[in-house]
Amino acid sequence: MGKTKYILRLDDASPYMARAKWAKIEKILDAHGIEPIVGIVPDCTDVTIKYEPYDESFFGTVVNRWRKKNWTVAQHGLHHLCYKNSDGVATEFAGRGYEEQLCDIKRGYGIMCAEGCRPVCFFAPCHTFDSETIRACRDSKFFNFISDGCSLFPFEDNGMKFLPNLFDTPKNLYVPGVLTFVCHPSNTDDSYCAFLDDFLDKNAHKFVNAEEYMKSFHAVRRRGILDKTLNEVLRIIRKKRKGK
């Protein structure tokens, strides 16, 4: 765990995604041999991420192609339909009861499995989840890890392994650790594609496959004070950005 490793995560994949933009990102990743995590919304009802008419070939053709490239398939919530909870936080899960959350996780997992793509990890929309979300993921026994949380290294919380992410935009961090960068391909433009291509030109050798990387951790550490401090700082920053 001594060297800095990078992972790329692609969010909001669905039959409604902006297909031309996703194709550009996929072409760049293929050119550099990058195998990202791809977060699939099982039953997208969020109109804010419905960019194109429903693609009947999404699961059978697109997702199958990703799986053949060894991309890590993740379940990204259920509907991606967020609401403001009692804390004023946009979320699909946090603040709801355990049984409700477990039911939605099971529904999403069932949809994806019925389409022939079993997700190996989970992450909630808007980076918002709570202890009941973690417990539901643990008790379901569906996922090997959760792609979220703030830390420099994978950690364990309430019986679930976490592969943390600190930044969305790829950047070099010259300290030991593993960084997951988050990209929303449907929201990208030509300038972002040029930036990503250039970053990968220089740093592709640092990127690893998330699923394979996490298999090496049979016993991961518990969250420490630094992890919890980082989590709180980034939670406040993200909340302020969304409030603008």
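This briefing describes the nonpolar cores, one helix and the cysteines of the structure shown above. The model is predicted. Its largest nonpolar core holds 32 residues, and another core, lying apart from that one, has 16 residues. Helix 1 turns one face of buried residues towards its packing partners, while the structure as a whole holds 0 disulfides.

**The nonpolar cores**

- Within the largest nonpolar core, which has 32 residues, those with the most contacts inside it are Leu-29, Phe-58 and Trp-66.
- At least two residues of this core come from each of strand 1 (4-13), helix 1 (19-32), strand 2 (37-40), helix 2 (58-68), strand 10 (177-183) and helix 5 (190-203).
- When its neighbours within four places in sequence are left aside, Phe-58 is in contact with Ala-13, Ser-14, Pro-15, Met-17, Ile-40, Val-63 and Trp-66.
- Apart from the largest core lies another, of 16 residues, which includes Tyr-109, Ala-136, Ile-146 and Phe-162.

**Helix 1**

- The 14 residues of helix 1 should span 20 Å at 1.5 Å a residue, and this agrees with the model, in which the end C-alpha atoms of the helix are 20 Å apart.
- Trp-22, Ile-25, Glu-26, Ile-28, Leu-29 and His-32 are the buried residues of helix 1, and because they fall within an arc of 160° when seen down the helix axis, they line one face of the helix.
- These buried residues pack against strand 1, strand 2, helix 2 and helix 5, whereas Ala-20, Lys-27 and Ala-31, on the other side of helix 1, are exposed.
- Just after helix 1, Gly-33 takes a positive phi of about 70°.

**Lys-27**

- Lys-27, which is found in helix 1, has a relative accessible area of 66%, and it therefore counts as exposed, the cut-off for that term being over 50%.
- Although Lys-27 and Asp-197 are 170 residues apart in sequence, their C-alpha atoms are 9.8 Å apart in space.

**The cysteines**

- The structure holds 0 disulfides, and for Cys-183, which is in none, the nearest cysteine sulfur is that of Cys-193, 7.8 Å away, whereas a disulfide requires the two sulfur atoms to be within 2.5 Å.
- Cys-183 has a relative accessible area of 2%, and it is therefore buried, since that term applies to values under 20%.
- Cys-103, with a relative accessible area of 40%, is partly exposed, because this value falls between the cut-offs of 20% and 50%.

Conventions: Residues are numbered from 1 along each chain as its sequence is written. This is a predicted model: local features need pLDDT of at least 70, side-chain atom pairs count only at pLDDT 80 or more; totals for chains, interfaces and linings use all residues. Side-chain values use heavy atoms; hydrogens and water are left out. A nonpolar core is a set of buried Ala, Val, Leu, Ile, Met, Phe, Trp, Tyr and Cys residues joined through side-chain atoms within 4.5 Å. Buried means under 20% relative accessible area, exposed over 50%, partly exposed in between (1.4 Å probe, protein chains only). Helices (H or I, at least four residues) and strands (E, at least two) are DSSP runs, numbered from the N terminus. Contact means heavy atoms within 4.5 Å. The expected span of a helix is 1.5 Å times one less than its number of residues. The arc is that of the directions from the helix axis to the C-beta atoms.
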